[in-house]
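User: Hi! I have a model open on my screen and would like to understand the reasoning behind some of the terms used for it. Could you take me through them?

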Amino acid sequence: MIYSSDKEVLHIYEGLCRKTLPKPDWSHAAHFAAACAIMIDPARDAFADMPDIIREYNEATGVANTDTEGYHHTITVASLLAVQHHMNLELHLYQNVNAILTSEYGRSDWLTAYWSQDLLFSKAARNHWVAPDRKTLQFITKSYIALKG
């Protein structure tokens, strides 16, 4: 999906936060829309707040957060790091989302270039930050690694 306005992106983000976004609209593109929006929300700390926002949304839409489904911490953090690295505050929000979606990180399988399937879908990676085992993500910040969110 390519977005044509900030209003579209904010609709996704606000629906996620309010737990009113229809489940079919919580797509791969919507995940990046929400990630870009939370990065510029002055009331939020993306890395601290997004995990609970997603967990609560999942619960509100009937998705259990378990060791095998629902919220996935490593995927969330990796996606936020990709967005943080690529955000250009001189662009409109929707332009940032579109730039991410048309980059290598916009592909739904981008994580498997950095993490093996076994590690990425492990209980550990779902519940905590796990560093890539295939190749290094150049934009992982030392400050985030120190947090080990």
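User: Which residues of helix α5 (residues 93–101) are buried?

Analyst: Happy to help! Please keep in mind that this is a predicted model. The buried residues of α5 are Leu-93, Asn-96, Val-97, Asn-98, Ile-100 and Leu-101. Each of them is called buried because its relative accessible area is under 20%.

User: What covers the buried residues of α5?

Analyst: The cover includes helices α1, α2 and α4.

User: What makes Asn-58 count as buried?

Analyst: Its relative accessibility is 4%. The cut-off for buried is under 20%, so Asn-58 counts as buried. This residue lies in helix α3. Setting aside neighbours within four places in sequence, Asn-58 is in contact with Lys-23, Trp-26, Val-63, Asn-65, Gly-70 and Tyr-71.

User: And why is Lys-19 called partly exposed?

Analyst: Here the value is 34% relative accessibility. Buried would need under 20% and exposed over 50%; Lys-19 therefore counts as partly exposed. You will find Lys-19 in the loop between α1 (6–18) and α2.

User: What is notable about the phi of Lys-19?

Analyst: Lys-19 has a positive phi of about 65 degrees, although it is not a glycine. For background, most residues other than glycine have a negative phi.

User: Let's turn to the helix packing. Why is α2 called oblique to α4?

Analyst: Helix α2 (residues 28–40) and helix α4 (residues 73–86) pack at an angle of about 60 degrees, and their axes are 9 Å apart. Roughly parallel requires an angle under 35 degrees, while roughly perpendicular starts at 65. The angle fits neither class, and that makes α2 oblique to α4. As for handedness, the crossing of these helices, α2 and α4, is right-handed.

User: Which residues make the contact of α2 with α4?

Analyst: From α2 come Phe-32, Ala-35, Cys-36, Ile-38 and Met-39, and from α4 come Ser-79, Leu-80, Val-83 and Gln-84. By class, the contact of α2 with α4 has seven nonpolar residues, two polar and no charged.

User: How do you know that α3 and α4 are oblique to each other?

Analyst: By the same kind of check. Helix α3 (residues 46–60) and α4 pack at an angle of about 135 degrees, with axes 10 Å apart. Roughly perpendicular covers 65 to 115 degrees, and roughly antiparallel begins over 145. The angle falls in neither range, so α3 and α4 are oblique to each other. α3 passes α4 in a right-handed crossing.

User: What makes up the contact of α3 with α4?

Analyst: On the α3 side are Ala-46, Phe-47, Met-50, Pro-51 and Ile-54; on the α4 side are His-73, Thr-76, Val-77, Leu-80, Leu-81 and Gln-84. The residues of the contact of α3 with α4 divide into eight nonpolar, three polar and no charged.

User: Stepping back, how many helices and strands does the chain have?

Analyst: There are eight helices and zero strands, so the pattern along the sequence reads α-α-α-α-α-α-α-α.

User: How do you know that the radius of gyration agrees with a compact globule?

Analyst: For 149 residues, a compact globule would have a radius of gyration near 15 Å; the chain has 15 Å, so the values agree. The C-alpha trace spans about 35 × 35 × 25 Å along its principal axes. Of the 149 residues, 44% count as buried. Among contacts with a separation of 6 or more, 63% are between residues 24 or more positions apart.

Methods. Residues numbered from 1 in each chain as written. Predicted model: local features only at pLDDT ≥ 70, side-chain atom pairs only at ≥ 80, totals over all residues. Heavy atoms only, no water. Axes fitted to C-alpha atoms, helices over the stretch in contact; angles between N-to-C directions. Helix = DSSP H or I, 4+ residues; strand = E, 2+ residues; numbered from the N terminus. Left-handed = near helix turned anticlockwise from the far one by under 90°. Contact = heavy atoms within 4.5 Å. Nonpolar A, V, L, I, M, F, W, Y, C, P; charged D, E, K, R; others polar. Buried < 20%, exposed > 50% of the residue type's maximum accessible area, 1.4 Å probe, protein only. Rg over C-alpha atoms; globule rule 2.2 N^0.38 Å.
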